[in-house]
Every structure is written in C-alpha cells, then in structure tokens.
Amino acid sequence: MAAGYAELLRTRHAARLLAGTLVGRLPNATAPIAIVLFTRAEGGSYSLAGALAAVYGLANAVGQPLLGRAVDLFGQPRVQLPAALLSALGMVWLALAGTGSAVAAYAAVVVGGLFTPPLEGGLRALWPSVLGGREEKVHAAYAMDAVAQEIMFTVGPLLVTLFVAVWSPAGALLALNAIGVLGALSVVASEPSRTWRSEPREAHWLGALRSRGLLALLGAFFFVGMALGSITVAGVAYADGNGGQAVYGWLMAALGLGALIGGVFYGARQWAGAPERRLRLLVALLAVCYLPLLLTPGPVAMTALAALSGVFLAPALACAFIVVDRHAPTGTVTEAFSWLVTFFGVGAAIGTAAAGPAVELGGTAWGFGVACAAGGAALLVLMVTQGALATAGRSRAVAGSPRAVPDGSGEVAPQARSAQ
C-alpha cells in the first residue's frame, strides 16, 4: 500500500501539488478554533466566538463554488492566488483590529471565508494531467487526497495550539494565513497549474448544478457532513460524563485514524464496476458503523467504536470524487468539486446545530442518534436517485489525459480534465 502511494508521489509535480494544497488549506482547516481562541483572548463572549466562526463557515460555503466557477473560466493562477491574498488580508484585519467592533470583526471573517481559494477542487482537476490520464493512478490519487485531508484536520488544530502557546492567538492567525498564502503560491507557480485549462463550457446560470446526478450526490454528502458535525457535539457530551477533554481528544483522533486506515486500504487496490454502485455500498457501510455509537460504552470501547465509525469515510469521499467528475457538466469540474465542499460543510454546520438540542432532550445517545439518522438519510438519497446517478454525464474511461489546445499566443498548451 505504502509503495503505491510512494510511486504516486514520485510522479513529477505530484508531491509539490499535494503538499502545497494541504498547506494552502491550513487557514481554512484551522479557522474555527483559531477564531474562537482569538475572540476569547480579546475578551469576547462564547456567543460572539461561535457566531464569528459560523459566519466564516457560511461565507466559505458561499465562496467556494463561485471561486470554483471562476477557476474554470479564467484558470487557476488568476483566481487562486488573489483569493488567497484577500482571504489572508481579512484574517489579518481581524487579528490587528480585534473584536472591539463587532461589525468590523464580522466583516473581516466574511472576507476571510468568502475568498478562501478553492485549492481542494483545483487539485482534483489537476490529477489527471499530472498522472498522464491513467485511470488507476487517478483513482488512487483521489484516495490519497482523502487520506491527506484526515492528516491535515488532525495536525491543524495542534498547530493552532502550538502557535498560540509560542506567540498568541493573534500571532497564530497571522502565521497560519501567511503559511496558507505560501502554499497557494507553491501550487499556482507549478507548471500543471499554470497550463491547466478547463474545457469550453455551455453558458448556463446553474453551472455545475444543472447535472441531476451531481445534485443527487451533493444531497447525499450534505447528510454525511451532517453526521460528522453531530458526532463532534455528541462526543463533547460523552466526554463530559466520561473523563473530560482528554477523552474527547481520543475520540476525535480515533475517528480520524479510522478514516485514514480506511482510505489507505481503499486506495491500495483497483475497483471494478461503476463507482456509483460502489458509493452506495460505502455509504451504507458508513451508516451502519454509526449505529454502535448509540451504545455509549466506556471510554476504551467508545474510542474503538469512534475509529470504526470513521473507517468508511475516506473511501466514500474518494469514490465521491470520481462520481463528481463523471457527472460534472463539461467545463465545470472545479466548480463541481467546490460544490461538494460547500454541501459537506453546510451539512456539518447543521449537524452541529442539531446535535446540541438532541443531547439536551435525550442525552448523549440522542446526539449520536442524529449521526445515525443522517447516515441513513445519505443512503436513502443515493437509493432514491439511482436513476439520476445511473447515467454518467461523461462516458469515458478517463478524461484526464492532456491534449493540445491553443493558448491564444499561437502556441499550444496542454489541456486537462479531471478524471473519471
């Protein structure tokens, strides 16, 4: 398994693009905790801290598909780097101005969230050209991408707490966003990013959302995000009665470890059959693995169940990446991947909001019950929409092979599409 991923990373540009994308996404991955810690350090209430983090998340959800569409229209360097700079400036504004003026603080996080560069979708659009359009390698890269996300979301909060301890909450905001700009710069300065061009697209105000198959997938992953969001809150409630913050940390780490292990195994082999059918199976297994959380046993057993609940997350995401590309209308691949980020994130926010009242009404088990219900709803969406998902928008083995297209200067430049 490790050898397969090592081979991918030895491919020219692959390691740089993956690392640059992960580093560039650090500000977004760490924003909620960084904003909360900064607001509290400034003397703001928990309500203000939570509201600022929520507004950042909402602005990010709005900005991702809009910027993704801009990338498809104008290319990666013209959008990704300016967006990264504007997002960083918004957070610098927050760090320097503080939270004394609520209006200014909200404006700063709106700018920070709205202009977060769509590096995630951009990377998935680049994999086919980087890997020569080879289907098995592109699919393995999607799995590696999903695994790398789990590592980032595990390491990111640790970096925030480290920077806060070494400097201050404001220093952490400044450092993380400076690092993020460097990551985005590393990506857009690379040859694959500079030469990538989206295919010509049909003018349509709905963009990627005119695909019925894509809408079905987005609906399912809204509920997957909702399940994850509810687990973060239910986990806090469980830890409060079973050992405190240390137990919560173990639960979340176990969830990430389970996803990492599942993603590594999933990406280590080739899979036959239509990815849409495979996705239904993976989401079904994901939903089933949420059910044991309702037992809320002792901390050791609960940690094991948390790991089990994460095993099929990264494989489901990796398979979803393939399905997104198969159903994204021509010329909308970055936008389509960005919509997946948005639906997943909005679902997570709603799951977080729903789990709180559920815990207050029925205890910790009810909080995990929200995750179970959301997992079942995700599977139901995929079952009900089998017809829409049965016909891929683009019937090809791999559409990621670069081809020569005019670049406007009389020369030809490689053009790539995202892979099946």
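Patches are made of residues with over 30% relative accessible area and no salt bridge, and nonpolar side chains are joined into one when they lie within 5 Å. In this predicted model, Leu58, Val62 and Leu66 make up a nonpolar surface patch of about 300 Å². Leu58 sits in helix H4, which covers residues 46-74. With a relative accessibility of 56%, Leu58 counts as exposed, because the mark for exposed is over 50%.

Turning to charged residues, side chains of opposite charge can pair when their charged atoms come close. How many salt bridges does the count come to? The count is seven, and a few of them are worth walking through.

One pair brings together Arg12 and Glu191, whose closest N and O atoms are 3.6 Å apart. That fits the rule for a salt bridge, because the cut-off is within 4 Å. The pair links distant parts of the chain, 179 residues apart: Arg12 is in the loop between helix H1 (2-10) and helix H2 (14-24), while Glu191 belongs to helix H10 (residues 191-195). Arg12 counts as exposed at 60% relative accessibility, whereas Glu191, at 34%, counts as partly exposed.

The same loop between H1 and H2 also holds His13. Although His13 is not a glycine, its phi is positive, at about 80 degrees. Another residue with a positive phi that is not glycine is Thr296, where the value is near 40 degrees. Thr296 is found in a loop too, the one between H13 and helix H14 (299-310). With a relative accessible area of 27%, Thr296 is partly exposed.

Back to the salt bridges: Arg124 pairs with Glu120, and here the closest N and O atoms are 2.7 Å apart. Both residues lie in helix H7 (residues 119-130), four residues from each other, or about one turn of the helix. Are these two partners buried or exposed? Arg124 has 0% relative accessibility and counts as buried, and Glu120, at 12%, counts as buried as well. Both values fall into that class because buried means under 20%. The pair is also part of something wider, a network of salt bridges that links Arg25, Glu120, Arg124 and Asp145.

Glu276 and Arg326 form a further salt bridge, with their closest N and O atoms 2.8 Å apart. Glu276 lies in helix H13 (residues 275-290) and Arg326 in helix H15 (residues 313-327), so this pair ties together parts that are 50 residues apart in sequence. Glu276 counts as buried at 5% relative accessibility, and so does Arg326 at 11%.

Helix H15, home to Arg326, also turns up in two helix packings. Its axis and that of helix H16 (residues 333-362) come within 9 Å and cross at roughly 140 degrees. What does that angle make of H15 and H16? The two helices are oblique to each other, because only angles over 145 degrees count as roughly antiparallel. H15 passes H16 in a right-handed crossing.

The other packing sets H15 against helix H11 (residues 212-240), with an angle of about 160 degrees and axes 10 Å apart. H11 and H15 are therefore roughly antiparallel to each other. Their crossing is left-handed, in contrast to the right-handed crossing of H15 and H16.

Conventions: Residues numbered from 1 in each chain as written. Predicted model: local features only at pLDDT ≥ 70, side-chain atom pairs only at ≥ 80, totals over all residues. Heavy atoms only, no water. Patch = residues over 30% accessible without salt bridge, like charges linked within 9 Å, V, L, I, M, F, W, Y side chains within 5 Å. Areas by Shrake-Rupley, 256 points an atom, 1.4 Å probe, with all protein chains shown as cover. Salt bridge = Lys/Arg side-chain N within 4 Å of Asp/Glu carboxyl O. Buried < 20%, exposed > 50% of the residue type's maximum accessible area, 1.4 Å probe, protein only. Axes fitted to C-alpha atoms, helices over the stretch in contact; angles between N-to-C directions. Parallel < 35°, antiparallel > 145°, perpendicular 65-115°, else oblique. Left-handed = near helix turned anticlockwise from the far one by under 90°.
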